[in-house]
Amino acid sequence: MTKDLTVIVLAAGGGTRMKSKTMKVLHPLGGRTMIGHVLAAVRDIEPRHVVAVVGHQREQVGPHIQELMPDAVLAVQETQDGTGHAVRIAVEAAGQIDGTVLVAYGDTPLLTGESLKAFAADHEAAQRAVSILSGIVADPFGYGRIVRNHEGDVEAIVEEKDATREQREITEINSGILAFDAEFLLEALPRIGNDNAKGEYYLTDTVQIARDAGLTVGAWAIDDVRQTEGANDRAQLADLGRELNQRIVTRWMREGVTVMDPQTTWIDSDVVLARDVTILPGTQLLGATLVGEDAVIGPDTTLKDCEVGAGARVVRAHGELAVIGEGASVGPFAYLRPGTQLGTKGKIGTFVETKNATIGDGAKVPHLSYVGDAEIGEGTNIGAGTIFANYDGVAKHRTTVGRHARTGSNNTFVAPITIGDGAGTAGGTVVRRDVPPGALAVSSGPQRNLEGWAQKKRAGTAQGDAAAAAAAVTEGERDLSHPGGAGVGQTDAGGGES
């Protein structure tokens, strides 16, 4: 392929059938917007120039395109007067163009760079004025048909409504993706008219212009015609999303990843998986998640923009912007919020929520706890039911727990505090002051039992009745153990010992 390649991406249409405040090409699937997938494919073929034509809701679309591809030129189509009009605006915005011009659409998310490269290479090798990316389909109803002559050159694109009975039998259809010789395109664009029912300038009219000039027009039939499909409404978007996901999951299985149930597994386009990762049913790996070798994810787990180390185990958990170390264990029913970092062989257990927390190598938060704005040192164990009270009603504060500390159950750490290396806290302790290394913090006083409280204060209730019955049984047992009132060590009337 020549390096003189310009790609024009058409993204100006309104997409009214989406019935959405979001522009059609910005609807997401597989972790990217539709136009994000197209731009990724375009980037793969390394064009010299990329021009994106925007129109409807360009205040949304333009910044998104420039975020994904800063070097792209934006061309504004103020009124949507057809594809020929859009390409003319794009060519004017691009400035000097040479070589090959490729025209693609912003709503074809299955399109790949490999296919675009093959199409452009075929166009250049054949030295055509115009090439059409076509496809063979079983049911061509509704598509424009590719009409070829006996030499195999394209004579015309005939729309369904204009086709004869014989032409309707043609199964090669027009995808709308076109390649042009730049010199021909520059000459042809001003010659496209709008004498049609819609009063629009159709880019496909260039086929007839080229034929009239005696130039070559051809078509390259893509094997995987689904790559050319667009989404005009939410149902079509969901269908393309399922197809994209199936392709992604299949690709990873062929790369050495075990996916127990592909039908319930969703993997975004930018996820990276190592060999021998195992994904169990009901798992979603989203965003830029990265999973290391031999890790097991799932079942029923969602991770977004997370990093999971080799050999880690994550079960029935939800995580976002979190790092899970090698050999670590998470879940079940854990919630890792942004800023969570779990060290090597660490543990975040059942019904534990973490946020902006660093949990050291081998450290454990096994049960029923909230760890927010905290640093927990290597080898430390946090007791069940512990709350890191990080918010004073105005500002967040941080708690630091040292290495190999042992904290009791049902603790509350009122930040900001520091619990030193090797320190401990007793069960039920509310820690309001720093705990020196090796010290044991105890905040509760001695236990007192107020005898008979339920019988007096809850008389006539189920609680009071149960307490009274238990007291009566205890009194009876006491009487049986001391018949006749004899005390321990005294002789009763029978002469035996009590």
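Where in the chain is the place of P332? This note takes up that question after a look at the overall architecture.

1. Status of the model and overall dimensions. The structure is a predicted model. The protein chain has a radius of gyration of 36 Å, whereas a compact globule of 498 residues would have one near 23 Å. Along the principal axes, the C-alpha atoms of the protein chain fill a box of roughly 135 × 50 × 40 Å. The accessible surface comes to about 24,600 Å², and carbon and sulfur atoms account for 49% of that surface. Of the 498 residues in the protein chain, 45% are buried.

2. Domains and secondary structure. Two domains are assigned: domain 1 spans residues 5–228 and domain 2 spans residues 256–441. Their centres, taken over C-alpha atoms, are separated by 49 Å. The protein chain as a whole contains 10 helices and 38 strands. Where contacts in the protein chain link residues at least 6 apart in sequence, 39% of them join residues at least 24 apart.

3. The annotated N-terminal region. An unreviewed UniProt entry carries the annotation "domain: MobA-like NTP transferase" for residues 7–132. Over residues 7–132, helix accounts for 38% of the chain and strand for 22%. The end C-alpha atoms of this stretch are 15 Å apart.

4. The largest nonpolar core. This core comprises 55 residues, and L273, V308, I324 and I376 have the most contacts inside it. Two or more residues each come from α8 (234–254), β25 (334–336), β28 (353–359), β30 (370–376) and β35 (417–419). The greatest contribution is that of α8, with 6 residues. Domain 1 (5–228) and domain 2 (256–441) each supply at least three residues to this core. As general background, nonpolar side chains in soluble globular proteins tend to be buried together.

5. I376 and the second core. Not counting residues up to four places away in sequence, I376 touches T358, I359, G360, A363, V365, V371, I382, F388 and V401. Separate from the core to which I376 belongs, there is a second core of 35 residues, with A86, F180, L185 and L203 among its members.

6. T399. This residue is found in strand β32, which covers residues 399–401. T399 counts as buried because its relative accessible area is 1%, the cut-off for buried being under 20%. With neighbours within four places in sequence left aside, T399 is in contact with D373, A374, E375, F388, F413, A415 and I417. F388 is thus listed both for T399 and for I376.

7. Cis peptide bonds. To return to the opening question, P332 is placed in the loop between β24 (329–330) and β25. The peptide bond that joins G331 and P332 is cis, with omega about 0 degrees. A cis bond is also present from G298 to P299, where omega is near 5 degrees. P299 lies in the loop between β18 (296–297) and β19 (302–304). A reviewer may wish to view both sites in the model.8. Positive phi angles outside glycine. D300 lies in the loop between β18 and β19. The phi angle of D300 is near 55 degrees, a positive value in a residue other than glycine. D300 counts as partly exposed because its relative accessibility is 41%. K19, also not a glycine, has a positive phi of about 50 degrees. The place of K19 is in the loop between β1 (5–11) and β2 (28–29). With a relative accessible area of 75%, K19 is exposed, the cut-off for exposed being over 50%.

9. The annotated active-site residue. Which residue does UniProt list for "active site"? The unreviewed entry lists H367. H367 is found in strand β29, residues 364–367. At 40% relative accessibility, H367 counts as partly exposed. Leaving aside neighbours within four places in sequence, H367 is in contact with T350, F351, V352, G383, A384 and G385.

Terms used. Residues are numbered from 1 along each chain as its sequence is written. This is a predicted model: local features need pLDDT of at least 70, side-chain atom pairs count only at pLDDT 80 or more; totals for chains, interfaces and linings use all residues. Side-chain values use heavy atoms; hydrogens and water are left out. UniProt positions are given in the numbering used here, feature names are shortened, and annotations may be inferred rather than shown by experiment. Helices (H or I, at least four residues) and strands (E, at least two) are DSSP runs, numbered from the N terminus. Domain bounds come from an automatic or database domain assignment. The radius of gyration is taken over C-alpha atoms; the globule rule is 2.2 Å times the number of residues to the power 0.38. Buried means under 20% relative accessible area, exposed over 50%, partly exposed in between (1.4 Å probe, protein chains only). Contact means heavy atoms within 4.5 Å. Accessible areas come from the Shrake-Rupley method with a 1.4 Å probe; for residues, only the protein chains shown count as cover. A nonpolar core is a set of buried Ala, Val, Leu, Ile, Met, Phe, Trp, Tyr and Cys residues joined through side-chain atoms within 4.5 Å.
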